[in-house]
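Q: Please take a close look at the salt-bridge network in this model and the charged side chains that make it up. Then set that part in the context of the rest of the chain.

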Amino acid sequence: MRRPLRFLTAAIALLLAPNAQSDDSAQCAASLHALRQLAGEPTFPLRWEETTMDDGHPMVVSITERNGALMLTLVKSGENLWAEGAGVICRRGADLEARLSKDQLRLGPAANWLTRLALADGCAITLRRGSKHLRIATRGWSGLFVPLVGD
């Protein structure tokens, strides 16, 4: 058990390294309109539901705009808030990346101790768009999401 924990700790350190984020601020969005332009899709969905969970409780991700920033809210269905944070979403290669600093991120009661450890100093959440899905990933966790019907 010690070996995977050391690997996880090393992975977290790489994620949080100062050079882990690119300096492409010209291609960042802080509003829903700018996000849809950045995504190249005027109807980019703003609510997504996880399809790859193994516990029967899909995560629901919502993207809203609040006080001049984009707000990502991740709620574990049937449980409670997993995490939320305000920040910007930037283009990073072919992907989009939500950058949430330690001060911008709030972990909820549904976040387990491993999540709390991994995200304690902030995170970069990758949003990789497929033809009909979105893969959302950060170090130590990823899931496949589909748009919520009617959103």
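A: Lys76 has a relative accessibility of 11%, and since the cut-off for a buried residue is under 20%, Lys76 counts as buried. The model is predicted, and the values here are computed from it. The side chain of Lys76 meets that of Asp55 in a salt bridge, with N to O at 3.2 Å. Lys76 belongs to strand 4 and Asp55 to the loop between strand 2 and strand 3, so this pair ties together parts that are 21 residues apart in sequence. Asp55 is partly exposed, with a relative accessible area of 36%.

The pair does not stand alone: Glu50, Asp55 and Lys76 are linked in a network of salt bridges. Glu50 is placed in strand 2 and is buried, its relative accessible area being 6%. Setting aside neighbours within four places in sequence, Glu50 is in contact with His57, Pro58, Met59, Lys76, Trp141, Gly143, Leu144 and Phe145. Lys76 is thus among the contacts of Glu50 and also a member of the network.

Several of those contacts lead to strand 10. Strand 2 (residues 47–50) runs antiparallel to strand 10 (residues 141–147), and three bridges join them. Within this pairing, Glu49 has Val146 as its bridge partner. Strand 10 also runs antiparallel to strand 9 (residues 134–138), to which it is joined by five bridges. There, Leu134 is partnered with Phe145, and Phe145 is in turn one of the contacts of Glu50. The hairpin of strand 9 and strand 10 has two residues between the strands, and Gly140 in it takes a positive phi near 85°.

On the other side of the network, strand 4 (69–76) is preceded by strand 3 (59–66), and the loop between them holds Asn67. Asn67 is not a glycine, yet its phi is positive, near 50°. Asn67 is exposed, with a relative accessible area of 78%.

The structure holds eight salt bridges, and two others can be set beside the network. In one, the side chains of Arg106 and Glu84 meet at 2.9 Å, N to O. Arg106 sits in strand 7 (residues 105–107) and Glu84 in strand 5, so this salt bridge ties together parts that are 22 residues apart in sequence. Here Arg106 is partly exposed at 45% relative accessible area, whereas Glu84 is buried at 15% relative accessibility. In the other, Arg99 pairs with Glu97, and their closest N and O atoms are 3.1 Å apart. Both Arg99 and Glu97 are buried.

Strand 5 also carries one end of a covalent link. The structure holds one disulfide, which joins Cys28 to Cys90 with an S to S distance of 1.9 Å. The torsion about its S-S bond is about 105°, so the disulfide is right-handed. It links distant parts of the chain, as Cys28 is in strand 1 (residues 28–29) and Cys90 in strand 5 (residues 81–92), 62 residues apart. Cys90 is buried at 0% relative accessibility, while Cys28 counts as partly exposed at 25%. Cys123 is buried too, with a relative accessible area of 4%.

Leu38 touches both ends of that disulfide. Beyond its neighbours within four places in sequence, its contacts are Gln27, Cys28, Ala29, Ile89, Cys90, Arg91 and Leu96. Leu38 lies in helix 2 (residues 32–39) and counts as buried at 15% relative accessibility. Its C-alpha is 8.4 Å from that of Leu96, although the two are 58 residues apart in sequence.

On the surface, Trp113, Leu114 and Leu117 make a nonpolar patch of about 320 Å². Trp113 is in helix 3 (residues 113–119) and is exposed, with a relative accessible area of 58%.

As for the chain as a whole, there are three helices and ten strands. From the N terminus, the order of elements is α-β-α-β-β-β-β-β-β-α-β-β-β. Of the 151 residues, 40% are buried. The exposed area is about 8,600 Å², of which carbon and sulfur atoms supply 53%. Of the contacts between residues at least 6 apart in sequence, 46% join residues at least 24 apart.

Conventions
Residues are numbered from 1 along each chain as its sequence is written. This is a predicted model: local features need pLDDT of at least 70, side-chain atom pairs count only at pLDDT 80 or more; totals for chains, interfaces and linings use all residues. Side-chain values use heavy atoms; hydrogens and water are left out. Two strands pair if DSSP finds at least two bridges between them. Helices (H or I, at least four residues) and strands (E, at least two) are DSSP runs, numbered from the N terminus. Patches are made of residues with over 30% relative accessible area and no salt bridge: like charges are joined within 9 Å, nonpolar side chains (Val, Leu, Ile, Met, Phe, Trp, Tyr) within 5 Å. Accessible areas come from the Shrake-Rupley method with a 1.4 Å probe; for residues, only the protein chains shown count as cover. A salt bridge is a side-chain nitrogen of Lys or Arg within 4 Å of a carboxyl oxygen of Asp or Glu. Buried means under 20% relative accessible area, exposed over 50%, partly exposed in between (1.4 Å probe, protein chains only). A disulfide is a pair of cysteine sulfur atoms within 2.5 Å. Contact means heavy atoms within 4.5 Å.
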